[in-house]
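Here are my comments on the model you sent, set out as numbered points. Please read them with the structure open beside you.

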Amino acid sequence: MKPLKADLMILFITMCWGSSYFFMKMGLDSLGAFNLIALRFGLAFMLAGAIFFPRLRRVNLKTIRYAMLLGFILFIMFTALTFGLKTTTASNAGFLISLTVVFVPLIHTFLFKKKIEKKLIVSILLALTGIALLTIQLPFAFKIGDLFCIAAALCYALHINIVSTAAQKVDALSLGILQLGFTGLYAFLSSLLLETPAWPSSTDSWTAVLILSVVCSGLGFIFQTIAQKYTTATRTGLVFSLEPVFAALFGYWFANEVMDSNQYAGAALVLLSVVLSSVDVNFRKRSAMKNRPVALESYSAEFK
């Protein structure tokens with residue numbers, strides 16, 4: 001798969017996740033937090049597992065270990081996100097969760113001791129500025145839920161980095177499916193201990209759970225795992241920075257939430273950051289290499 005196709009897959013995932021806040025709010029109206037997470041990931045695992053069962057029969061222990069770890073990180077992330085959304089404003093949550101775009105390259109640099117390209121630093125700063133314009137509503141008041149949102153952003157940045165490594169070592173499709181199962185299992189056990197597990201009790205709740213399961217979790221996390229085999233963690237984080245843009249669009253379509261001029265400017269900056277990150281800044285150097293005198297190339301070849 002070409003990197004461009006991988007980025008387009010991640011863009012599709014980002015669009016799906018931009019709708020997830022709306023459907024999570026619908027689901028939480030009648031279900032407990034752990035109950036919703038368990039249903040969301042459990043149903044996604046059962047559906048994907050049934051479709052790709054022959055593939056899962058060949059899974060090895062290494063894949064299972066990675067899936068257990070990634071599933072646990074996703075469980076912690078969605079737990080923090082759910083409690084964060086309950087105890088802070090939507091604008092605070094949208095901005096703080098989007099800090100993933102900053103945490104991804106920082107964690108990548110710490111884990112793998114690799115420098116960040118200058119154009120990616122500029123892209124990250126543009127994305128962060130755009131996200132701030134999109135989401136922050138003054139006065140910005142720090143609440144306890146904001147800590148949960150920061151924790152969710154850190155967990156997801158860690159998840160993206162681990163997936164980038166694991167996808168190179170094990171079967172990406174099997175890994176993407178199994179992590180869903182482990183996430184659902186951890187949430188189900190937590191629901192048994194702290195809640196009373198139940199099925200959705202209304203049409204709206206079932207709609208929310210099914211869309212979260214099939215689209216946002218099933219397609220989303222499986223596609224992410226496959227796509228990250230062909231692109232970098234930092235690029236993935238930058239494309240995911242478009243999530244609040246899609247969240248704003250879904251808010252406009254389904255809840256008649258109108259963006260102001262600052263939010264339009266923020267969306268434009270986020271889009272610009274993603275485009276900038278994909279531009280090859282060395283085009284002049286390559287052009288100069290192409291225009292080198294043929295005689296010089298021949299001389300170099302003979303010298304070697």
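1. I begin with Leu74, which, leaving aside its neighbours within four places in sequence, is in contact with Phe41, Tyr156, His159, Gln179, Thr183 and Phe221. Please keep in mind throughout that this is a predicted model. Leu74 belongs to helix H4, and because its relative accessibility is 0%, against a cut-off of under 20%, it counts as buried. One of its partners, Gln179, lies 105 residues away in sequence, yet the two C-alpha atoms are 8.3 Å apart in space.

2. Several of these names return in the largest nonpolar core, which has 57 residues, and in which Phe41, Phe78, Tyr156, Leu175 and Phe221 touch the most other members. The elements that contribute two or more residues to this core are helices H1 (3–28), H2, H4 (61–87), H5 (90–97), H6 (100–112), H8 (144–166), H9 and H10 (203–227). As general background, nonpolar side chains tend to be buried together in soluble globular proteins.

3. Leu175 deserves a separate look, since its contacts, not counting residues within four places in sequence, are Thr63, Tyr66, Ala67, Leu70, Ala166, Ala167, Val170 and Thr225.

4. How many residues of H9 are buried? The count is 17 of 23, so this helix is largely enclosed by the rest of the structure. H9 runs over residues 172–194 and spans 33 Å from its first C-alpha to its last, which is close to the 33 Å expected at 1.5 Å a residue.

5. The packing of H8 against H10 may be described by an angle of about 50 degrees, with the two axes 9 Å apart. The two helices are therefore oblique to each other. On the H8 side the contact is made by Tyr156, His159, Ile160 and Val163, and on the H10 side by Phe221, Gln224 and Thr225.

6. Finally, I would draw attention to Arg40, a residue of helix H2 (residues 33–51). Is Arg40 buried or exposed? Its relative accessibility is 3%, so Arg40 counts as buried. The side chain of Arg40 makes a polar contact, at 2.6 Å, with the side chain of Ser217. If residues up to four places away in sequence are not counted, Arg40 touches Trp17, Ser20, Met24, Phe78, Leu212, Ser213, Cys216, Ser217 and Phe221. Phe78 and Phe221, both among these neighbours, are also listed with the core residues that touch the most other members.

Conventions
Residues numbered from 1 in each chain as written. Predicted model: local features only at pLDDT ≥ 70, side-chain atom pairs only at ≥ 80, totals over all residues. Heavy atoms only, no water. Helix = DSSP H or I, 4+ residues; strand = E, 2+ residues; numbered from the N terminus. Expected span 1.5 Å × (residues − 1). Buried < 20%, exposed > 50% of the residue type's maximum accessible area, 1.4 Å probe, protein only. Polar contact = N/O pair within 3.5 Å; in protein donor to acceptor, adjacent residues only side chain to side chain. Contact = heavy atoms within 4.5 Å. Core = buried A, V, L, I, M, F, W, Y, C linked by side-chain atoms within 4.5 Å. Axes fitted to C-alpha atoms, helices over the stretch in contact; angles between N-to-C directions. Parallel < 35°, antiparallel > 145°, perpendicular 65-115°, else oblique.
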